[in-house]
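Trainee: I should like to request a close look at a single part of this structure, namely its nonpolar interior. Please set out how that part is built and what lies around it.

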Amino acid sequence: QVQLVESGGGSVQAGGSLRLSCVTSGYTVNINVMAWFRQVPGKEREGVAGIYTGPGFTFYADSVKGRFTISQDNAKRTVYLQMDSLSPDDTAMYYCAAVSVRYPWGSTPPSPLLAKPKYWGPGTQVTVSS
C-alpha cells in the first residue's frame with residue numbers, strides 16, 4: 001500500500017506562483033512514475049506532469065509546458081510541482097498520483113499522463129483569481 005499526502009495549495013492572483021508537495025510513504029517498489037493530475041468540477045481528471053522516478057524523465061501537458069516544473073527529492077520521498085505564471089484556467093483540485101508504467105527495456109518511456117494511477121492523494125485546491 002502507498003500513501004500520498006499533498007500540500008501547498010491555496011489562493012493566488014494571476015501571474016503568481018505556487019509549489020505543491022507530495023510526500024510518499026509505504027511500499028513503493030512497483031511504482032516507477034509520480035505524477036500530478038488536476039480536476040475541475042464537471043470535467044474529467046487530466047494529467048498535468050509526470051516524472052519517472054528512476055531516470056528522472058519528465059512529461060507535461062501542453063497547457064502547462066514552460067510554466068510548471070515537476071521534480072523529486074528521493075531522500076525525502078517527496079515530489080514537487082512548481083507552478084509559475086498561473087492563470088485562472090489553472091484553478092482546480094490537484095492530485096498527486098503514483099503510477100506503474102511498463103515499457104520495453106531500452107525503449108523510450110511513454111508519457112505517463114494517460115496511464116491509470118494505482119494510488120491517489122486526497123488532493124489540494126489551487127485557486128487563481130484574475
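**The nonpolar core and its surroundings**

Mentor: In this predicted model, a suitable place to begin is Y94, which touches E6, L20, W36, F37, R38, V48, F68, L81, M83, G123, T124 and V126 when residues up to four places away in sequence are not counted. Y94 is also one of the residues with the most contacts inside the largest nonpolar core, a group that further comprises L4, M34, W36, F68, L81 and M83. That core has 27 residues. In soluble globular proteins, nonpolar side chains tend to be buried together.

The elements that give two or more residues to this core are the strands β1 (2-7), β3 (18-26), β4 (33-39), β5 (46-52), β7, β8, β9 (92-99) and β11 (124-129). Among these, β9 gives the most, with four residues. Apart from this core lies another, of seven residues, which includes F37, Y52, V99 and V101. F37 thus belongs to that other core, although F37 is also among the residues that Y94 touches.

The disulfide should be considered next. The count comes to one disulfide, and this bond joins C22 to C96 with an S to S distance of 2.0 Å. The torsion about the S-S bond of C22 and C96 is about -80 degrees, so the disulfide is left-handed. Because C22 lies in strand β3 and C96 in strand β9, the pair ties together parts that are 74 residues apart in sequence. Both cysteines, C22 and C96, are buried.

Strand β3 also holds S21. With a relative accessibility of 15%, S21 counts as buried. Leaving aside neighbours within four places in sequence, S21 is in contact with V5, E6, S7, W36, T78, V79 and Y80. W36 is therefore a partner of S21, because a contact here means heavy atoms within 4.5 Å. W36 is also touched by Y94.

From S21 one may pass to V5, which is found in strand β1. In contrast to the buried S21, V5 is exposed, with a relative accessible area of 51%. Beyond four places in sequence, V5 touches S21, C22, V23 and P122. One of these partners, C22, is a member of the disulfide. The C-alpha atoms of V5 and R19, which are 14 residues apart along the chain, are separated by 14 Å.

P122, another partner of V5, is found in the loop between β10 (119-120) and β11. P122 is exposed, with a relative accessible area of 61%. Not counting residues up to four places away in sequence, P122 touches L4, V5, E6 and Y95. L4 is one of the residues with the most contacts inside the largest nonpolar core, and E6 is touched by Y94. As for distance, the C-alpha atoms of P122 and Q13 are 24 Å apart, with their positions 109 residues apart along the chain.

The largest pocket can now be related to the same strands. About 210 Å³ of space lies in this pocket. Of the 13 residues that line the pocket, the closest to its centre are T24, M34, T53, N74 and R77. The elements that give two or more residues to the lining are β7 (68-73) and β8 (78-83); both strands also give two or more residues to the largest nonpolar core. M34 likewise appears in both settings, since M34 is listed among the residues closest to the pocket centre and among those with the most contacts inside the core. By class, the lining divides into five nonpolar, six polar and two charged residues.

R77 merits separate attention. R77 lies in the loop between β7 and β8 and is partly exposed, with a relative accessible area of 35%. Phi of R77 is near 55 degrees, a positive value in a residue other than glycine. S85 also has a positive phi, of about 50 degrees, although S85 is not a glycine. S85 is found in the loop between β8 and β9 and is partly exposed, with a relative accessible area of 45%.

A last loop residue is S63, which is found between β6 (58-60) and β7. At 40% relative accessibility, S63 counts as partly exposed. S63 and D89 are 26 residues apart in sequence, and their C-alpha atoms are 9.5 Å apart in space.

Methods. Residues numbered from 1 in each chain as written. Predicted model: local features only at pLDDT ≥ 70, side-chain atom pairs only at ≥ 80, totals over all residues. Heavy atoms only, no water. 1 Å grid on protein atoms, 1.4 Å probe; cavity = no way out; pocket = protein on both sides within 12 Å on 5 of 7 lines; lining within 4 Å. Points joined across faces, edges and corners; volume = space filled by probe spheres on them. Nonpolar A, V, L, I, M, F, W, Y, C, P; charged D, E, K, R; others polar. Core = buried A, V, L, I, M, F, W, Y, C linked by side-chain atoms within 4.5 Å. Buried < 20%, exposed > 50% of the residue type's maximum accessible area, 1.4 Å probe, protein only. Disulfide = S-S within 2.5 Å.
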